Amino acid sequence: MKTTEQAEREYLEEIKEKLALAIRRGDDAVKQFSSELREKKQYIHEHQSSLDDADMVAADQSINRMAFTGEAAVARKRKLLKLLQSPYFGRIDFVPQGGAKSPVYIGVHSFLDEQQRQNLIYDWRAPISSLFYDYELGAAAYPTPSGLVEGSIELKRQYKIRDGQLEFVLENDVNIHDDVLQRELAKSSDDKMKNIVATIQRDQNAVIRNETASVMVIQGVAGSGKTSIALHRIAFLLYRYRDTIAAKDVLILSPNKVFADYISNVLPELGEEHIPELGMEELAADLLENRYPFQTFFEQVSALLENPNPAFVERIRFKSSGEFVSQLNKYLLHVENNYFTGSELRLGRLLVPLPFILGRFKAYHRVPLLKRFPLVAQDVRTFVRDATQRKLTGQEKSLIGEAIPRMFKFTQVLDFYRDFYRWLGRPELCRVEPGQRLEYADVFALIYLRLRLEGITAYEHVKHLVVDEMQDYTPVHYAVLARLFPCRKTILGDVNQTVNPYSASSAETIERVFPQAEVVRLHRSYRSTLEITAFAQRITPNPDLIALERHGREPLVARFESPAEELQAVQRLVTAFQSGGQQSLGIICKTLRQATQVQQVLQGPGVQLLTAESTAFKEGVIITTAYLAKGLEFDEVIVPFASAATYQTEVDQGMLYVACTRAMHQLTLTYTQAITPFLSC
Ligand SMILES: Nc1ncnc2c1ncn2[C@@H]1O[C@H](COP(=O)(O)OP(=O)(O)OP(=O)(O)O)[C@@H](O)[C@H]1O
């Protein structure tokens with residue numbers, strides 16, 4: 001009798017043959033298309049003079065159709081080639097109530113045997129595939145657009161197929177997920193984030209497949225898979241709603257270019273196109289039409305780390321509060337009710353009465369205030385024309401156009417913003433000086449006023465917005481996002497990974513801005529070994545965190561007599577890494593100054609300094625700051641200068657936590673003199 005493995009190997013060969021055949025057929029079809037396309041173009045070229053406009057339009061359309069079909073065939077081939085490498089990773093034998101048992105093989109894409117009209121591989125996003133993630137053996141059910149299908153799972157297997165070869169098959173009679181998951185997590189890191197389709201966990205699957213939430217907030221501990229889940233969720237929604245939403249309709253707001261590059265492979269790996277991405281500051285510059293240079297978030301955090309001036313902290317604290325947004329809203333109401341300072345308008349012998357002008361202003365209350373001027377001016381012109389029974393001269397028209405805006409106290413958003421602080425009775429909180437860069441804390445407040453006073457509709461085409469590192473954004477950011485993106489949203493972050501505690505948002509803060517949000521909390525941490533996770537918990541304890549049972553070396557904390565000795569030790573660690581088998585080493589400092597200092601000692605091939613200007617990161621040795629390392633991960637992490645002098649404030653604590661939680665397998669901290677108080681006991 002055949003063993004399970006033998007039978008599976010034979011089946012794999014069968015599927016590979018069918019895939020190869022489908023690829024050959026696809027190639028033939030593409031060849032056919034391109035020769036037809038060539039002929040068609042040739043025909044048009046030769047008969048150009050005898051074709052009328054209608055013939056040309058018809059010919060154009062048919063060429064476009066052929067090109068489109070050709071592109072689809074090429075995309076299909078790409079998917080089949082991918083499947084040939086690894087056709088599937090899971091199987092369930094499901095018996096629906098009153099139905100017959102059939103094996104369901106699950107892969108990254110679906111594969112249909114066109115001759116037998118049989119689905120040989122199901123896409124991981126297909127409704128039936130949810131059984132694989134949600135159930136073990138026994139009673140099970142999955143939702144379909146036409147209702148719940150109930151039945152039972154009689155067999156469940158997992159496979160690792162690489163380069164077309166079966167590496168292992170595991171029978172799932174208990175909970176095999178853990179076994180495969182352990183193997184996946186023990187692997188070395190990559191310069192690009194990987195997909196996790198083969199090992200998505202049940203709680204993660206629920207978030208990925210959630211179709212009801214208009215705003216989904218994922219608050220998860222470090223390494224809980226938040227970013228992975230958000231990307232898989234996008235892939236799922238693109239599959240589920242493929243007729244109404246395409247990759248170009250999604251927007252990812254990412255913290256920086258390196259992070260954007262790091263995650264850029266996941267969706268293409270899942271067969272989807274690249275998703276547009278934008279940094280929060282790029283968005284800000286765009287919304288301010290590049291008119292006001294501003295301090296970046298990175299510069300704000302650096303300034304706080306170098307010199308936490310109390311007045312600066314106070315400004316950030318206030319402008320990061322929910323109260324700030326409430327006050328801005330109250331101020332806008334005050335403006336609406338009190339800032340019309342006009343009187344009647346005289347045009348020759350005619351007087352346009354004040355109640356008429358004011359009435360027109362009020363009539364347009366749904367239009368942003370500064371956008372009402374031309375509308376009111378037009379109404380006044382009509383009034384004058386009707387009253388005088390004649391056409392207006394050009395001079396009269398422009399006189400009205402100029403007079404109306406003057407009836408308002410201000411016409412520039414920046415003037416309103418300055419005035420807001422006077423109205424509030426807190427002029428000291430305003431640091432908007434002519435010719436100077438705006439402080440970061442003012443940027444989104446100014447944008448909010450612009451949105452309310454002028455209206456902006458630039459991003460209405462976006463159908464799904466993803467916001468990563470949600471803890472770094474404040475209520476005023478969310479107030480802007482809520483108005484600018486009226487679409488569905490997935491917002492994710494971890495309040496424990498705050499790099500600026502004076503301006504951090506928790507899931508609760510975000511819920512206040514989006515009361516309709518569904519909030520999911522993820523407690524299981526996958527990235528780091530148990531030892532590293534336990535160590536990081538000493539810095540920022542989180543009683544809800546559940547560490548995955550994966551072991552490695554205890555983190556090392558080493559004291560040195562002088563910074564020179566410390567850096568020599570770091571150098572030795574780098575040499576050891578370079579001769580070992582791991583892919584990435586992150587040397588994570590608190591400040592860029594420290595990172596540059598380390599770089600001067602370590603300069604050499606394979607060593608890269610990652611700064612705010614970097615756009616990508618490669619494998620090897622990376623020297624950077626905690627702020628820039630957010631969202632990334634490394635096989636091994638070294639945290640130099642972990643002394644009491646470096647890490648002492650609340651901001652520093654957040655930085656140290658972020659730095660340590662980037663390590664997957666190994667962590668070393670070095671210091672001179674006294675250890676940071678966050679690790680002293
Ligand atoms: N179900 C899973 N199967 C395999 N690997 C997983 C799974 N969930 C998470 N991981 C892995 O855990 C690591 C952390 O994932 P990810 O970066 O998405 O987490 P995060 O919550 O965004 O982290 P952080 O907030 O700390 O940056 C990644 O290597 C990811 O591949």
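## Domains, ligand shell and nonpolar cores

The domain assignment of the protein divides parts of the chain into four domains, whose residue ranges are set out in the table below. The structure is a predicted model, and everything that follows should be read with that in mind.

| Domain | Residues |
|---|---|
| domain 1 | 1-85 |
| domain 2 | 90-106 + 114-181 |
| domain 3 | 341-408 |
| domain 4 | 538-672 |

Taken over C-alpha atoms, the centres of domain 1 and domain 4 are separated by 49 Å.

A further range comes from the UniProt record, where an unreviewed entry lists residues 199-529 as "domain: UvrD-like helicase ATP-binding". Over residues 199-529 the chain is 49% helix and 11% strand, and the C-alpha atoms at the two ends lie 18 Å apart.

The ligand has 24 residues around it, of which Thr199, Gly225, Lys226, Thr227 and Ser228 come nearest. Two elements, α4 (177-186) and α6 (226-240), each give two or more residues to this shell. Sorted by class, the shell around the ligand holds 12 polar residues, together with six nonpolar and six charged ones.

In the interior, the largest nonpolar core has 155 residues, and Ile234, Tyr448, Ile587, Ala659 and Cys660 are the ones that touch the most other members. Helix α17 (residues 440-454) supplies the largest share of this core, namely 11 residues. Leaving aside residues up to four places away in sequence, Ile234 touches Val250, Leu267, Ile275, His464 and Val466. There is also a second, separate core of 10 residues, which includes Leu345, Phe373, Val380 and Ile400.

Definitions and conventions
Residues are numbered from 1 along each chain as its sequence is written. This is a predicted model: local features need pLDDT of at least 70, side-chain atom pairs count only at pLDDT 80 or more; totals for chains, interfaces and linings use all residues. A residue is near a molecule or strand if its C-beta atom, placed from the backbone, lies within 6 Å of it. Helices (H or I, at least four residues) and strands (E, at least two) are DSSP runs, numbered from the N terminus. Ala, Val, Leu, Ile, Met, Phe, Trp, Tyr, Cys and Pro count as nonpolar, Asp, Glu, Lys and Arg as charged, and the others, Gly among them, as polar. UniProt positions are given in the numbering used here, feature names are shortened, and annotations may be inferred rather than shown by experiment. A nonpolar core is a set of buried Ala, Val, Leu, Ile, Met, Phe, Trp, Tyr and Cys residues joined through C-beta atoms within 7 Å. A residue is buried if 20 or more other C-beta atoms lie within 10 Å of its own, exposed if 12 or fewer, and partly exposed in between; C-beta atoms are placed from the backbone. Two residues are in contact if their C-beta atoms, placed from the backbone, lie within 7 Å. Domain bounds come from an automatic or database domain assignment.
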